[in-house]
Number of protein chains: 2
Amino acid sequence: MATKCYCIALRKAERRVTSVYDEALKPAGVNIAQFSLMRTIEREAPVSLSKIGRLAELDRSTVGRNVKVLERMGLVKTLHGEDQREAAVVLTARGRSVLVDGAKLWDEAQTMIEKRLGVVATRQLKTLLQTL
Amino acid sequence: MATKCYCIALRKAERRVTSVYDEALKPAGVNIAQFSLMRTIEREAPVSLSKIGRLAELDRSTVGRNVKVLERMGLVKTLHGEDQREAAVVLTARGRSVLVDGAKLWDEAQTMIEKRLGVVATRQLKTLLQTL
DNA sequence: CCCATTTACGGGTAGATACCCAATTAATGG
DNA sequence: CCATTAATTGGGTATCTACCCGTAAATGGG
């Protein structure tokens, strides 16, 4: 029951919560990692892989690979601007549509978590996750 | 700064905390996922992949693959008991030695997290992660 | 005792993640 | 203006993770 290791407990919780969000987002055809990546791209577009990485706290190579998956799915595309090194990632029309559909589903997942925790614990969670 | 999505915040925290433990365990030659898996095997040996999966809340196929890595590293080995279907996973001598070395390093990581959070937040964290 | 169901694995496929190294392009200091 | 340094990618390699499917073994009814 009680996992002594904070890290392992955190990893278990991460898997459980991720699956709640993934399940909720299924109708939109993306998982939470992809959804979040697309939201960052939407907010910052056109944006380089490095910048996405800094914002999402992900390795650049990870971002590159994840973006490639979204490209294959037709949800984002990569252009090139002045700086020939940089990729300029933007959403496609279908990508924007997925974000619209996903927003409602994401809200449901958020609410589900808040309901599971209650008001006090939810606030605690926010604080803790920022500190960790 | 403030990630609104509980899931994304949780995933970020998971990556950060995991890297703290992975870094701490480096001298032992394993990461936190492997260390935890080995501890489960130590506690339950000889144990089947399915049972490990239930205990660790991991898919059986995941456990199978992770155990294979530990086998390649010479830290565990798989025997077979009465039930011909079941694998009976046990630690090797080297595996036990890694657990001994790792225990101190793991303690350091645990302490690091407790120090980062303080007593109150640490207790809150435990409760929250159990609820999630 | 035999067949249907359940249980346990293994492999295929695929995504998320990170580290390292090489190549290309930009920027900067002399 | 050129050489050195810095920044951006891409690809190789490797883990961790999960889902699905097929196979083999155990189990429980009839």
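This report walks through a predicted model of two protein chains with DNA, covering the nonpolar core and then the surface at each DNA strand.

## The nonpolar core

Let's start inside the protein. The largest nonpolar core has 82 residues. The members that touch the most others are A:Tyr21, A:Ile32, A:Ile41 and A:Leu132 from chain A, along with B:Tyr21, B:Ile32 and B:Ile41 from chain B.

A:Ile41 is a handy one to click on. Skip its neighbours within four places in sequence, and A:Ile41 still has contacts with A:Val47, A:Ile52, A:Val67, A:Val76, A:Val89, A:Val90 and A:Leu91.

## Around DNA strand D

Now for the DNA. Strand D has 27 residues around it, and those that come nearest are A:Ser50, A:Arg65, A:Ala87, B:Gln34 and B:Ser61. By class, that surface breaks down into 14 charged, nine polar and four nonpolar residues. Several helices chip in with at least two residues each: H1 (6-25), H3 (49-56) and H4 (60-72) from chain A, plus H4 (60-72) from chain B. H4(B) supplies the largest share, six residues.

If you look at the strand D atoms within 4 Å of the protein, 66% are sugar or phosphate, and the rest belong to bases. On the phosphate side, a backbone N or O atom of A:Ala87 sits 2.8 Å from a phosphate oxygen, while B:Asn66 puts a polar side-chain atom 2.9 Å from a phosphate oxygen of the strand. For a base contact, check B:Arg85: an N or O atom of its side chain is 3.3 Å from a base nitrogen of strand D.

## Around DNA strand C

Strand C is surrounded by 26 residues, with A:Ser61, B:Ser50, B:Arg65, B:Arg85 and B:Ala87 the closest. The class count here is 14 charged, nine polar and three nonpolar. Of the strand C atoms within 4 Å of the protein, 68% come from sugar or phosphate and the remainder from bases.

As for individual contacts, a backbone N or O atom of A:Gln84 lies 3.0 Å from a phosphate oxygen of strand C, and a polar side-chain atom of B:Arg15 lies 3.1 Å from a phosphate oxygen of that strand. A:Arg65 goes to a base instead, with a side-chain N or O atom 3.5 Å from a base nitrogen of strand C. The elements giving two or more residues to this surface are H4 of chain A, and H1 (6-25), H3 (49-56) and H4 of chain B. H4(A) gives the most, with five residues.

Methods
Residues numbered from 1 in each chain as written. Chains lettered and ligands numbered in written order. Predicted model: local features only at pLDDT ≥ 70, side-chain atom pairs only at ≥ 80, totals over all residues. Heavy atoms only, no water. Core = buried A, V, L, I, M, F, W, Y, C linked by side-chain atoms within 4.5 Å. Buried < 20%, exposed > 50% of the residue type's maximum accessible area, 1.4 Å probe, protein only. Contact = heavy atoms within 4.5 Å. Near = heavy atom within 4 Å. Polar contact = N/O pair within 3.5 Å; in protein donor to acceptor, adjacent residues only side chain to side chain. Helix = DSSP H or I, 4+ residues; strand = E, 2+ residues; numbered from the N terminus. Nonpolar A, V, L, I, M, F, W, Y, C, P; charged D, E, K, R; others polar.
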